[in-house]
There are 2 protein chains.
Amino acid sequence: MAFEQRIEAAMAAAIARGQGSEAPSKLATALDYAVTPGGARIRPTLLLSVATACGDDRPALSDAAAVALELIHCASLVHDDLPCFDDAEIRRGKPTVHRAYSEPLAILTGDSLIVMGFEVLARAAADQPQRALQLVTALAVRTGMPMGICAGQGWESESQINLSAYHRAKTGALFIAATQMGAIAAGYEAEPWEELGSRIGEAFQVADDLRDALCDAETLGKPAGQDEIHARPNAVREYGVDGAAKRLKDILGGAIASIPSCPGEAMLAEMVRRYAEKIVPAQVAARV
Amino acid sequence: MAFEQRIEAAMAAAIARGQGSEAPSKLATALDYAVTPGGARIRPTLLLSVATACGDDRPALSDAAAVALELIHCASLVHDDLPCFDDAEIRRGKPTVHRAYSEPLAILTGDSLIVMGFEVLARAAADQPQRALQLVTALAVRTGMPMGICAGQGWESESQINLSAYHRAKTGALFIAATQMGAIAAGYEAEPWEELGSRIGEAFQVADDLRDALCDAETLGKPAGQDEIHARPNAVREYGVDGAAKRLKDILGGAIASIPSCPGEAMLAEMVRRYAEKIVPAQVAARV
């Protein structure tokens, strides 16, 4: 089955389990609203790519890992969109969860999706309890404190920002989770996969900075120019458009070079190359 | 070591791991602020009581389970206190997290504590991976959707409330988690322990309703009369003070009768009796 179908099928099953006849119906539908239609599902796709490159001998566990990671990502979007953070009206082309439902339901949706992520991993353990526990730990480390996406968002409340810790946590963390969890699900060591995730995360951040600076809200499916408005660090402000575009290319080259030895090494390198083509905005691709 | 010391030592270790030199400092201190000084630590104490009654052959795992449960409870308090829910100023006699820090940091504190709960369980697995995974599942089921505390809070956004589902999820869930996780940590089946947790949760709810109706803010350490203000279901409104007090006594009797067979059955019954004396407000104890 293609990655996309695997992800959507496993995601739908997880959300269905979170609903049930005894559940409060608004919150139950909000869970589904928050995860569909999906965005590009970049993180779970990367996770399944790494798992496949490592042999993917427990596909059900890989699927669970992919869904757990995407649930955490979706939860973070719901919370980041709240009035006290970005106060975003639109996400993936439709009203944000707190706009469509309410602020209380948006907070509970995020909370429920986080919990669901860990539940999905525990339930998929089957004959590989050690891998499942490693997946829980890897996901928790990249989600919470002191160096997960919660930490990343927390940096925005500091008067003095440690920029490298901020970026590593805010954007890098879930890409590192993607490569490491893909490896763990297939029975590989996590540690050698950190660099690949870290570099892809960095590339994604620079590409996002370029899009935020160059694209309009319709192309983005969310408000543009947000970094400027919120005075957030942005590679385009730091290096200019051409500088940021060159940096993006260098990072992706480094990412490919960092791929650990595994049966599907060449396939994975090709996948990162295709990914690079996809994330570079058209206006920039013409310039590098 | 006494339960209280075991809980506080394990809690301090978990919070310390969430801090670290690379962490954003406000969020790092907010985590500690949210869990200390603890309240009565009723849920983790109940968990350790059940684990002890079941032989407690893996005390480090029991401690992790107790801390995980309390972290989730503290997270729920931080989120429930937010302006869009209870808009509470005071909790455990000091300003709530969003008042002391900010709303963004309160949301992130709750998120981080939830994640930390699952991480603590995964890291404590050692030679008992199956128990650890069962603990993750049990905690997730009683925290998220469709029947955990998130679901319980979600019911407050519905125009028609399923009262029994609401109470079971809102207050009962973490007491059921306490008894079941205590049993699991010590290698016992979870299912027979549901009723004890459910009845203690119900008793706690009725006792809380009595306190909310009878005590002042200073005694409570939080605003009084909140159920009346928020038009929430309350046993005193339903049965009157004497009716609610009688109900509380009946429920606790049923709780003791429901204790499954285990080496420490008598000790556990005594512990529930002492707990009952503690939760009944003095004004009520004189009347039953």
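**Notebook: the contact between chain A and chain B**

I looked up the interface first: chain A and chain B bury about 4500 Å² between them, and carbon and sulfur atoms give 69% of that area. On the side of chain A, the residues that lose the most area to chain B are A:Glu22, A:Leu133 and A:Met145, together 15% of what that side buries. I note that this is a predicted model.

I then counted the residues in contact. Chain A contributes 53 residues and chain B contributes 53 residues.

**Entry on symmetry**

I superposed the two chains. A turn of 180 degrees with a shift of 0.0 Å along the axis lays chain A on chain B, with an RMSD of 0.0 Å. The two copies are thus related as by a two-fold rotation axis. The same surface serves both copies, since 100% of the contact residues of chain A recur in chain B. I also asked which residue of chain A comes closest to the rotation axis. It is A:Pro129, whose C-alpha is at 2.9 Å.

**Entry on polar links across the interface**

I found 2 salt bridges between chain A and chain B. One of them joins the side chains of A:Arg168 and B:Glu22, with N to O at 2.5 Å. I also found 10 residue pairs in polar contact across the interface, both partners at pLDDT 80 or more.

Next I recorded which helices of chain A each supply at least two residues to the side that touches chain B: H2 (25-35), H6 (103-123), H7 (129-143), H8 (149-155) and H9 (163-185). H6(A) gives the most, with 13 residues. By class, I recorded 30 nonpolar, 14 polar and 9 charged residues on this side of chain A.

**Entry on backbone geometry**

Most residues other than glycine have a negative phi, and most peptide bonds are trans. I therefore noted the following departures from that rule.

- The peptide bond between A:Met145 and A:Pro146 is cis, with omega about 5 degrees. A:Pro146 is in the loop between H7 and H8 of chain A.
- The bond from B:Thr36 to B:Pro37 is also cis, with omega near -15 degrees. B:Pro37 has its place in the loop between helix H2 (25-35) and helix H3 (42-53) of chain B.
- A:Asp87 has a positive phi, near 50 degrees. This residue lies in the loop between helix H4 (59-80) and strand S1 (90-91) of chain A, and A:Asp87 is partly exposed at 39% relative accessible area.
- B:Arg92 has a positive phi, near 50 degrees. I located B:Arg92 in the loop between strand S1 (90-91) and strand S2 (94-95) of chain B, partly exposed at 26%.

**Entry on salt bridges within the chains**

Over all chains I counted 38 salt bridges. A:Arg123 pairs with A:Glu119, the closest N and O atoms being 2.8 Å apart. The two are 4 residues apart in helix H6 of chain A, and so are separated by about one helical turn. A:Arg123 is partly exposed at 38%, whereas A:Glu119 counts as buried at 8%.

I found a further pair in A:Glu270 and A:Arg273, at 3.2 Å, N to O. Both lie in helix H14 (residues 265-279) of chain A, 3 residues apart.

In chain B, the side chains of B:Arg6 and B:Asp56 meet at 3.1 Å, N to O. B:Arg6 lies in helix H1 and B:Asp56 in the loop between H3 and H4, so the pair ties together parts that are 50 residues apart in sequence. B:Arg6 and B:Asp56 are both buried.

Finally, I recorded a network of salt bridges that links A:Glu8, A:Arg41, A:Glu70 and A:Arg92.

Conventions: Residues are numbered from 1 along each chain as its sequence is written. Chains are lettered from A and ligands numbered from 1 in the order in which they are written. This is a predicted model: local features need pLDDT of at least 70, side-chain atom pairs count only at pLDDT 80 or more; totals for chains, interfaces and linings use all residues. Side-chain values use heavy atoms; hydrogens and water are left out. Copies are superposed by least squares on the C-alpha atoms of residues with pLDDT of at least 70 in both. Contact means heavy atoms within 4.5 Å. Buried area is the accessible area (1.4 Å probe) that two parts lose on being put together, summed over both. A salt bridge is a side-chain nitrogen of Lys or Arg within 4 Å of a carboxyl oxygen of Asp or Glu. A polar contact is a pair of N or O atoms within 3.5 Å; within protein, one must be able to donate a hydrogen and the other to accept it, and residues adjacent in sequence count only if both atoms are side-chain atoms. Ala, Val, Leu, Ile, Met, Phe, Trp, Tyr, Cys and Pro count as nonpolar, Asp, Glu, Lys and Arg as charged, and the others, Gly among them, as polar. Buried means under 20% relative accessible area, exposed over 50%, partly exposed in between (1.4 Å probe, protein chains only).
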